[in-house]
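Here is a friendly briefing to read alongside the structure. Have your viewer ready, and follow the topics in whatever order suits you.

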Amino acid sequence: MGQALWRLPPRQQQQLQEELADRLADRGGGGGREQGRDGGSQRRAPQHCYGPDIYHLLRTRMGGKEQHGFIDLEMLPPELGITILSYLNATDLCLAGCVWQDLGNDEYLWQGLCKSTWGHCSIYNRRLPAGFSYRRLYLQLDEGSLTFNANPQEGINYFMSKGILVDHPTELAKFIFYTRRLNWKMLRIYLDERRDVLDELVTLHNFSNQFLPNALRDFFRHIHAPEERGEYLETLITKFSHRFCTCNPGLVRDLGLSPDAVYVLCYSLILLSIDLTSPHVKNKMSKREFIRNTRRAAHNVSDDFVGHLYDNIYLIGHVAA
C-alpha cells in the first residue's frame, strides 16, 4: 500500500479545497456563496491555505456528524494515513497496528524504521526473498543490538546467523558507523579486538575542511576514547592523524603539518581539555603556557594556529567528552 506514496500537486489541492468549500456551503445554507449585484449567487473566492482542512473533510464524508476522540485514519486517503503513522516509533506503530491493521503493518513504514535506526545492513543490498517482512527484520535488528550490548561477539554472530550482516570488515564497519543503538563501552571492546574493522571504520570519516579539535570530537563521537591512557588510545590517535592529513592535503601543505605533528597536537588537546574542564585542577593552563609547551613538541606549527586551538577548547570544551 505504501509503496505508491504520493503527494497531491498544488493544482489538485486547490481543486480539493474548492470542492470542500462548495460542500460546506451547500450544507451551511449558502455560507460559501455571496449574492451578486444582479441577485444571482456568486461563489466566494477560496481563501489561501496550505492544505485541505482534514477535520471538515471528515465531517463532510460522515454527513456532518460530530466525531469525538481521535480521527479514524481509515477514512483518510491511504497515502495520508501512512504519512501520519510514519512519525511513530516501533512501539507506537505496533499499538496502531492493533487498531488499523492494514496501515500499521505496512511494509513501507517498517522499512523506514529499519533504515532510520540501522542505516546500513548487508541484507539491504540483496534480492529479498518472497514473503520477506521488514517488521520481522526490525525485531531481529533490535534483538541483535540488545545481544551486542551484552556480548559484542555474540551480537555480531546473531546478525550473521540471520543473514543481516556479512563477515567482512567493510560491511561491519559500515553497520557500526550508521548505527546508534550499540553501547559505546561494548563497541570499544569489540573494536579493540577487531583492528581490521577499526581500520575500515576510520576510513569512513571525512575530515575535509574541519578544524582539528572539531574533527577530533567527531572522531570520538563514533569511536569512543578509552578512559585511561594506553596502547589503544595511541592507536586511535595515530589512525586519526593519518586520516586527518589524508583528508586535508592543502592544510598540511600550507601549515607544514604531518601525521606526527597532528599526533602531538591531539595529545596536547586532550591534556588541555582535561586541564580546563576538570574541577580538580585549580591552576588552569594559560594560553601562553599552552603555546610554549606545544611548540616544544611541534616545531613547525605557528603560534597563531596553536592559539586558535586553545581558544576552541576554552570556548567549546573537551574533545573527547
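The side chains of Asp311 and Lys287 form a salt bridge in this predicted model, with N and O 3.1 Å apart. Asp311 sits in helix H17 (residues 303–316) and Lys287 in helix H16 (residues 287–297), so the pair ties together parts that are 24 residues apart in sequence. Asp311 is partly exposed at 28% relative accessibility, and Lys287 is partly exposed at 34%.

**Other salt bridges**

- How many salt bridges does a search of the whole structure find? The search turns up nine.
- One of these pairs is Arg195 with Asp192, whose side chains meet at 2.6 Å, N to O.
- Both partners are partly exposed: Arg195 has a relative accessibility of 25%, and Asp192 has a relative accessible area of 35%.
- Arg195 and Asp192 also belong to a network of salt bridges that takes in Glu231.
- Asp218 pairs with Arg221, and here the closest N and O atoms are 3.8 Å apart; the cut-off for a salt bridge is 4 Å.
- Asp218 and Arg221 share helix H12 (residues 212–222), where they are three residues apart, or about one turn of the helix.
- Is each end of the Asp218 and Arg221 pair buried or exposed? Asp218 counts as buried at 16% relative accessibility, whereas Arg221 is exposed with a relative accessible area of 54%.

**Helix H17 and its surroundings**

- Besides Asp311, helix H17 holds Asn312 and Leu315.
- Asn312 counts as buried, at 9% relative accessibility.
- Leaving aside residues up to four places away in sequence, Asn312 touches Phe211, Pro213, Asn214, Arg217 and Gly317.
- Leu315, in contrast to Asn312, counts as exposed: its relative accessibility is 68%, while that of Asn312 is 9%.
- Tyr314, Leu315 and Ile316 make up a nonpolar patch on the surface, and together they have about 400 Å² of accessible area.

**The nonpolar core**

- The largest nonpolar core contains 68 residues.
- Which residues have the most contacts inside this core? They are Leu141, Phe175, Ile176, Leu191, Leu212, Ile223 and Phe240.
- Helix H15 (residues 259–277) supplies the largest share of the core, with nine residues.
- For a look at one of the well-connected members, take Ile176: it touches Leu182, Leu187, Tyr190, Leu191, Val197 and Leu201, not counting residues up to four places away in sequence.
- Leu191 therefore appears twice, among the residues with the most contacts inside the core and among the contacts of Ile176, where contact means heavy atoms within 4.5 Å.

**An exposed leucine in helix H15**

- Leu271 lies in helix H15, and its relative accessible area of 51% makes it exposed.
- The cut-off for exposed is over 50%, so Leu271 passes it with its 51%.
- The C-alpha atoms of Leu271 and Val319 are separated by 9.8 Å, although these residues are 48 residues apart along the chain.

**Cysteines**

- How many disulfides does the structure hold? The count is zero.
- A disulfide is a covalent bond between the sulfur atoms of two cysteines.
- For Cys121, the closest cysteine sulfur is that of Cys114, and at 7.8 Å it is too far for a bond.
- Cys121 is buried, with a relative accessible area of 0%.
- Cys245 is also in no disulfide, as the nearest cysteine sulfur belongs to Cys266 and is 9.0 Å away; the cut-off for a disulfide is 2.5 Å.
- Cys245 counts as buried too, at 11% relative accessibility.

**A backbone detail to check**

- Asn209 has a positive phi of about 60°, although it is not a glycine.
- Where does Asn209 lie? Its place is the loop between helix H11 (195–203) and H12.
- Asn209 counts as exposed, with a relative accessibility of 77%.

Note on methods:
Residues are numbered from 1 along each chain as its sequence is written. This is a predicted model: local features need pLDDT of at least 70, side-chain atom pairs count only at pLDDT 80 or more; totals for chains, interfaces and linings use all residues. Side-chain values use heavy atoms; hydrogens and water are left out. A nonpolar core is a set of buried Ala, Val, Leu, Ile, Met, Phe, Trp, Tyr and Cys residues joined through side-chain atoms within 4.5 Å. Buried means under 20% relative accessible area, exposed over 50%, partly exposed in between (1.4 Å probe, protein chains only). Helices (H or I, at least four residues) and strands (E, at least two) are DSSP runs, numbered from the N terminus. Patches are made of residues with over 30% relative accessible area and no salt bridge: like charges are joined within 9 Å, nonpolar side chains (Val, Leu, Ile, Met, Phe, Trp, Tyr) within 5 Å. Accessible areas come from the Shrake-Rupley method with a 1.4 Å probe; for residues, only the protein chains shown count as cover.
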